[in-house]
Structure formats: C-alpha cells, structure tokens
Amino acid sequence: MTTEQFIAGKAVEAVKALYGADFPQEQMQVGVTRKDFEGDYTLVVFPLLKTSRQAPAVTAQAIGEWLTANCPEISGFNAVQGFLNLSLSNIYWRENLQEITGNASFGQLPATGRRVMVEFSSPNTNKPLHLGHIRNNLLGDSVSRLLKAAGDEVIKATLVNDRGVHICKSMYAWEKLFDGATPESTGIKGDHLVGDCYVAYAKLEKEHPEVIDDVHKMLVQWEEGDPQVRKLWEMMNGWVFDGFEQTYKALGITFDRTYYEHDTYLLGKELVQKGLDMGVLVRDPDGSVWCDLTADGLDRKLLLRSDGTSVYMTQDLGTAERRFSEYELDSHVYVVGNEQDYHFKALKLVLKKLGFDWADQIYHLSYGMVELPEGKMKSREGTVVDADDLIEKMYQEAKATSEESGKLDGIPEDEKERLYHMIGLGALKYFILKVDPKKTMLFDPKESIDFNGNTGPFIQYTHARICSILRKASEAGKKAAVADAAVLSPKEIRLVKILSAYPQKVADAAAAYSPAIVANYAYDLAKEFNQYYHETQILKEPDATLLGMRLALIDTLAATLRKAMNVLGIDLPERM
RNA sequence: GGUUCCGUAGCUCAGCUGGAUAGAGCAACAGCCUUCUAAGCUGUGGGUCACGCGUUCGAAUCGCGUCGGAAUCACCA
C-alpha cells in the first residue's frame, strides 16, 4: 500500500465519522505536498464539499483535526484554502525505511500470471543497424525488463527480415562488383560489408535501371530454391547475423526467441482462406483478396496479391496466430515505429474480424522517430548515424573523461575497460530511454551525448559515491541498521518518501509501457541524494544510532538506483 | 484531401487519469574542493504552456475550432 492510499483510506474514515457519508476512496485526491508548503502529503478537499456542505477551509480544518486526533501516523496538518497538508510522524517514516531496507525484492511487483511476448529489433539484413534501431532495441529490451518487474512473464522475440528483394539487391551487387570480398578478406564487419553492397547496388541501378530485372529473377530463383542463389543468400545473411550479433552484444541485448522471415513468410494464407469462408474477406475478380475496413474509418486492405502471394499483413496475421497459440500468450507487444500505426490498427481489426478475441491484447508500442537537426536520417545523403560508430564514440568519450579525472588511476586495465564501456553505454541508453517513447526525439551528432546533468553517468556517479562511503564504513567496522530509536531529518524523510514511491513508479511505467518514467524517477532520487550528501556528513556522525540509520538509508538508496537502472538495462559501477 | 500523433524557457526534455506560485538539464553569469568522489552542490537571469472558445470552484492537462510540424492512406516491408 502506498502512503497516498493509506491517507486516502484514513480520509474516508474521517468523512464517515464527521459527515456520516460513504465517500469512495478512489475519488479521494491525495498528492505529494508542493515543496513551498509545510507537510508531506496533501488532501484536496474540493471534491468533498458536496458531502461536507461546508466551506473548503472549514472542511479541511475539520478533517485535519480528526486525522491528527485519530491516526498516530499523522502528526500535524495545516489547511490552505481547499488544500489540507498533512505531516506524517517521524516514526511512520522510520518504519517505512525499516520495511524497505529489509526487503530484497522491493520494487519487484507480485506475479500477475500474464505471459507476454515482446517483439522488437526486427531488422532487415541488407544494412547495418543505425540510431533508429538503437531506440527500438533499447525500448524493447527495457520494456521487457519493466514488464518483468511489474510481475509479468516475458518472452523477448525478434523477427529477422532475411528474405525479399532488398537482400537480393545486395547479393546481386556482391556478385557483380565485389570480386569475392568477404568480411575476413576486407576486415569489414559483415553487416557493413553487405550494407556497402546495397549502396553499390543503388548506384548501379541509377545508372542501369534494367538491373532490377535481374534482381527480380534472383528473387524468383530464391523462392524456387535454386541452390546457387540459396548458397549465396546463406553466406551473406551469415555475415550480417555475425555483425548484428556483435552490435547486440555491445548493447547488452539478447532474445529468447528469434524468428526468421524465410520461415514465416508463407504463414497466414490459411487464415485468409478461413476469412473468405467466414465471409469477412472478399476476393476481387482479379483474384486478389481484401478486407474492407472502411466501416472502421480505414480503407480496404490487401491480404493476398492477385497472383496468390502474400503481403506483409498476411504473414503478420499468421505469425500472431501462431505465437498466441504456441505460447498461450495473454498479450503481445510489438515495438515498432509510429510510421506503422496504420498497419497495426488494420492488423488488429482484421484479426478481430477473423474471430480472435486476443486481438485486443495486442499492443503496438509505437515510438517516435529519432531525428537529426536537419530532419530525418537519410541513407542517401549519408546522414545515418551508425550504431557501431555511436557505441564506439560513447566509449571513447567515457574513456577520455575518466582519464582526465584521474579517478580510476591505479586500478587494473581490464577493469578500466569494463568501466569505460559501462559508462559510455549508460550515457547512450539513458539519453534514449529518458524520453517518452511515443515522442519524436532529436539527436545532434555535433554535440556529443552529455555526461553531466540529467544523464546516465550522473546516476552512475551518484551510485559510485554511495559505494565509496559504504566501503569506508565497512573498513571502519561500522554497521548499517535502522534502530527504533533513530530519528530522521527532513531531508532523510524526503529520501524515504521518494524511495517508498518506487513500486508505484514501476506499476505506472509498466501501465504506460514507458521506461522514461523509471529513468526520471532514478534521476530525482540521485539528485535528492546529492543534495543530502552535500549538507550531511555521514561518516562523521558520532551517534551510532544515527550513523547506522544513515548507512542503511544510503545502502537502500544505492540498491534502489540499481533496480531502477536495471529496468533500463544500465549497469552501475562501484567506482568511477 | 481523409486519419493519427505532436507543439511547454534560447536548446533538449519532465509535468498531462484536472488542483496551490509550471519544473529539471544544457547553454550564460556568480559562488563552493586542506572535510565521505567537483561526472557534484548553491545562487541569478530566462515562460502568452502555439492561438481562440468552451466545460469547471479550478485547465499546460479535458472538449471543439484555428495555425504550425510529422507520419500514414501501396498488389512495399
């Protein structure tokens, strides 16, 4: 139970006692008191006026008096117009801290029994990953972690688009122009080499538009299983997979299940037949099959081409059906850019028409594009921010900053390397994840990602600071413990207040599929600690009870920071 | 043109299930390192929450409209 709920419950009792009426607890408005006013939580009494039939100030005064008289946890109040500011007793906060400190699974919400598949990344195998993919990957990974923290069972899945005309283009260019070049022979990472082929093809096609016919021939040969074409396809896909694998590893991302489009692209045709039998789909005279969504405000949607081949939508229908039945999913989250909003709307509607009630359990986590100062990234204009380059740049930045500070002097080289990666990646991940997923965000390559202020390294640094104090305390034989006699300062109460809000933040973030809520929470917590740090000498405290309480407090703070940042997939160092 | 999303400080973003005087960071300026890590802390300046109307005791938040931006409406994926 959160403190807000606790107070709301007490307020219900107060209204009952004072006015003899049952006021629904859900409608009680309790919030954290603004910092210019005295108090911890504020009850807004305006909604109660119809019940009390008295002026706001009078009602607030009456409820405040009742609460302080009848609830030992509530130690004081002041009423400003319709706002009843309540102070909770020191004992309440101390007990709160004791509860959190002793609870290793704090922040892990109880199991919901829901099984959820989260599909993300889903790259094409004709070019290397770029910044847009990074946002997709980080969001998918983080939302998976978030849902787990909120009690769901999560299966992380990806669908690799490894077939189609795009990969044939790269294959064609490689055969014609690359003289047998391999990642080994050139030293170029596989996905980049294939990407180079794709670029070379684009140039070639511009000069000789007729080559597209050869590419289409290649695609047909692929579909027929031509051994030569298949061999080339497997080889080049292999290069790309190896390259992607490295990038995923550098990002710290894994999947529980990988689907390949060459396995799934034929799925869905039976469903279309079923739809025709049910009469919810129509076949045009030319043989193409459509679903009429005009009644739902969309258009007619193609499901089978006139030659009987399937389109993207067709296989999405098939894979969704297969996944829901295979894994007995309760829900399926697709992490896909908002440019496909229309597609997912249509997908859900078609599934619904086919009689699948679980269509309502599909959630399209529609995220905004990452834009550059000059607008969208365009591969043709060479403005694409390459994922590998960016990760490397962040690492270099972290290394330079660390070396300049000299704080890592004297620790082993491999440990330093580990920290540079941790910090560089932390900066990148936080930069992406702190923004509300659904919003378009901006990345300026000229200004490198900051390490100061509201950033990943700031939170990592705060954690390292706490660890440093705890190390020194441990060396001095000081023990962390919250004794019943411990009295908390106002700043410490603020920290406990923020700490205790963490489980609710996880719940809110999961409900909104927004890691940004957790990111901003972690920042608030870290910022609050830094202020506390500057005004309180923790280790110098002579009183053993106070010292023990403070050590327990900052230990819990560090643990909660780790939990919150773990949801974002960011590791926190013990020194930096 | 239809549909959807977005518009908050010079810049990047919080706040949006209606609550008090709209918050951070960056950038600028002024301070704080013989005291637990200065990747930090403190302070100053910076706002017509795009605009208008409406609902309400109360609107950045909800509704309608206008302006501006983006996406989408393929026998592409």
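The following paragraphs lead through a predicted model of a protein with an RNA strand, beginning at the RNA surface and ending at a single buried side chain.

The surface near RNA strand B is made up of 63 residues, and Asp 286, Lys 407, Tyr 461, Tyr 533 and Thr 536 come nearest to the strand. By residue class, this surface divides into 25 nonpolar, 19 polar and 19 charged residues. Several elements each supply at least two of its residues: strands S2 (41-44), S4 (83-88) and S14 (441-442), together with helices H14 (341-353), H15 (387-405), H17 (456-475) and H20 (515-535). The greatest contribution is that of H17, which gives seven residues.

On the RNA side, sugar or phosphate accounts for 60% of the atoms of strand B within 4 Å of the protein, and bases account for the rest. Individual polar pairs can be found for both parts of the strand. Towards the backbone, a polar side-chain atom of Lys 439 is 3.1 Å from a phosphate oxygen, and a side-chain N or O atom of Gln 531 is 3.2 Å from a phosphate oxygen. Towards the bases, an N or O atom in the side chain of Ser 306 lies 2.9 Å from a base nitrogen.

A small element of the fold may be examined next. Strands S8, S9 and S10 form, in that order, an open sheet with antiparallel pairing. Its edges are S8 (282-283) and S10 (300-304), each of which pairs on one side only. Between S9 (residues 289-292) and S10 the antiparallel pairing runs over four bridges, and Cys 291 stands opposite Lys 301 of S10.

The interior of the protein contains a largest nonpolar core of 143 residues, in which Met 28, Leu 43, Leu 67, Leu 131, Leu 147, Ile 459 and Ile 554 have the most contacts. Helix H21 gives the most to this core, with twelve residues. A second core, separate from it, has 34 residues, including Leu 276, Met 313, Tyr 327 and Leu 354. Leu 147, one of the residues with the most contacts inside the largest core, touches residues distant from it in sequence, among them Arg 114, Val 116, Val 333, Ala 510 and Tyr 513.

Helix H18 (residues 490-500) is also mostly covered, with nine of its eleven residues buried. The buried positions include charged side chains as well as nonpolar ones: Lys 491, Glu 492 and Lys 497 are among them, as are Ile 493, Leu 495 and Val 496. The partners against which these buried residues pack are strands S1 (29-32) and S2 and helices H4 (90-101), H19 (502-512), H20 and H21 (544-567). Of these partners, S2 and H20 each also supply at least two residues of the surface near RNA strand B.

The last stop is Gln 460, which lies in helix H17, the helix that gives the most to the surface near the RNA. Is Gln 460 buried or exposed? Gln 460 counts as buried because its relative accessibility is 0%. Which residues surround this glutamine, and where does its side chain find a polar partner? Leaving aside close sequence neighbours, Gln 460 touches Met 422, Ile 423, Gly 426, Ile 570, Asp 571, Leu 572, Pro 573 and Met 576. Ile 423 is 37 residues away along the chain, yet the C-alpha atoms of the two residues are separated by 7.6 Å. A polar atom of the Gln 460 side chain lies 2.9 Å from the backbone oxygen of Asp 571.

Definitions and conventions. Residues numbered from 1 in each chain as written. Chains lettered and ligands numbered in written order. Predicted model: local features only at pLDDT ≥ 70, side-chain atom pairs only at ≥ 80, totals over all residues. Heavy atoms only, no water. Near = heavy atom within 4 Å. Polar contact = N/O pair within 3.5 Å; in protein donor to acceptor, adjacent residues only side chain to side chain. Buried < 20%, exposed > 50% of the residue type's maximum accessible area, 1.4 Å probe, protein only. Contact = heavy atoms within 4.5 Å. Core = buried A, V, L, I, M, F, W, Y, C linked by side-chain atoms within 4.5 Å. Pairing = 2+ DSSP bridges. Lists of a residue's contacts leave out its neighbours within four places in sequence.
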